[in-house]
Amino acid sequence: MRSLFFLAIFASVVAGHKAYAAEACNQIQFGIVDWTDVKATTAVASELLKALDYDVDISDHSVVDTYDALANGDIDVFLGNWMPSMAPIADPLIEDQKVARLGPNLEGAKYTLAVPQSVYDAGVKNFSDIAKFADKFEDRIYGIEKGNDGNKLILDMIDTNAFGLGQFDLVETSERIMLAQVNGKIRDNKWIVFLAWAPHPMNERFDIAYLDGGDDYFGPNQGGATVYTNTRAGFSEECTNVATLLDNLQFSLSMEGQVMDMILNEFVPQDRAARYWMHRHPDAVATWLDGVTYRDGSPVDPKVIAQSMKLTMDN
């Protein structure tokens with residue numbers, strides 16, 4: 001009799017935990033940083049979840065603040081764990097089991113310093129060449145927003161005088177302003193060295209070249225990178241349906257480049273750009289929704305979801 005009583009209590013606790021977990025998964029909190037690629041992929045994930053009857057909230061942070069928020073449970077998901085450049089920030093929290101790293105959502109990316117092709121042709125082919133032309137670069141390296149992992153790597157080089165860069169200053173600004181600087185320098189046939197990455201429309205819009213020699217900072221193969229999905233600890237166990245979707249979300253350089261081009265160069269809001277792309281690529285939607293249900297557990301027809309994404313670029 002006592003065994004039956006304790007079994008009943010255990011069953012009640014388990015049922016209560018499941019109900020709490022399901023309720024906790026009604027709203028999914030995404031964190032983003034001020035990078036167009038992360039905005040694009042997060043828009044894809046959030047629009048799919050909205051179509052599956054989840055509430056979604058997206059908040060903008062620096063890289064460091066994003067990981068603090070993940071570790072504290074204030075956000076659930078971050079799709080922008082660029083590795084290896086983010087290793088000093090992300091790995092300690094993952095090793096302490098405060099943040100979980102899921103699988104890669106993008107492979108074949110890159111992230112390192114670049115120059116205009118004309119500057120490369122003039123002799124700046126390696127990190128060690130930058131300081132030789134300090135006057136032409138006006139002792140400046142252009143990064144992006146404060147707290148960014150790439151900026152931190154540049155500051156480490158400056159602080160240790162790596163490659164003779166001790167006299168250089170880092171210009172920390174937004175992605176859009178940095179790209180405006182690149183555009184202006186190329187237009188005026190002036191020199192600039194800056195953080196660059198792929199996927200990004202800058203690779204098609206500008207004639208640029210990535211520098212060799214930064215392996216110890218940005219990784220080999222000119223900053224070859226893999227982008228991973230991160231969650232707060234325990235999220236995958238609590239929100240298994242969403243975790244299945246996150247595991248399925250694997251993007252391509254081409255796909256991200258197309259969505260980013262709409263956002264950056266056609267000034268389409270990120271949610272509309274994501275919806276427009278998904279409506280035109282139902283096969284990708286079907287792959288991403290494999291094994292995924294609506295929030296209430298009912299089955300999903302990917303064709304219906306893709307059709308629901310129909311949205312013109314203007315409305």
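## Salt bridge exercises

R232 is buried (under 20% relative accessible area, with exposed over 50% and partly exposed in between; 1.4 Å probe, protein chains only), at a relative accessible area of 11%. You're working with a predicted model, where local features need pLDDT of at least 70, side-chain atom pairs count only at pLDDT 80 or more, and totals for chains, interfaces and linings use all residues. Residues are numbered from 1 along each chain as its sequence is written, and side-chain values use heavy atoms, leaving out hydrogens and water.

**Exercise 1.** Find what R232 forms a salt bridge with, starting from D76.

*Solution.* Step one: recall that a salt bridge is a side-chain nitrogen of Lys or Arg within 4 Å of a carboxyl oxygen of Asp or Glu. Step two: check D76 and R232, whose closest N and O atoms are 2.6 Å apart, so they form a salt bridge. Step three: place them. D76 sits in the loop between α3 (63-72) and β3 (77-83), while R232 is in strand β9 (residues 224-232), so the pair ties together parts 156 residues apart in sequence. Helices (H or I, at least four residues) and strands (E, at least two) are DSSP runs, numbered from the N terminus. Step four: look at burial; both D76 and R232 are buried.

**Exercise 2.** Work out whether E238, which meets R232 in a salt bridge, is buried or partly exposed.

*Solution.* Step one: the E238 and R232 side chains meet at 3.1 Å, N to O. Step two: E238 has 30% relative accessibility, so it counts as partly exposed.

**Exercise 3.** Describe R187 and D188.

*Solution.* Step one: their closest N and O atoms are 3.2 Å apart, in a salt bridge. Step two: R187 is exposed at 59% relative accessible area, and D188 is partly exposed at 40%.
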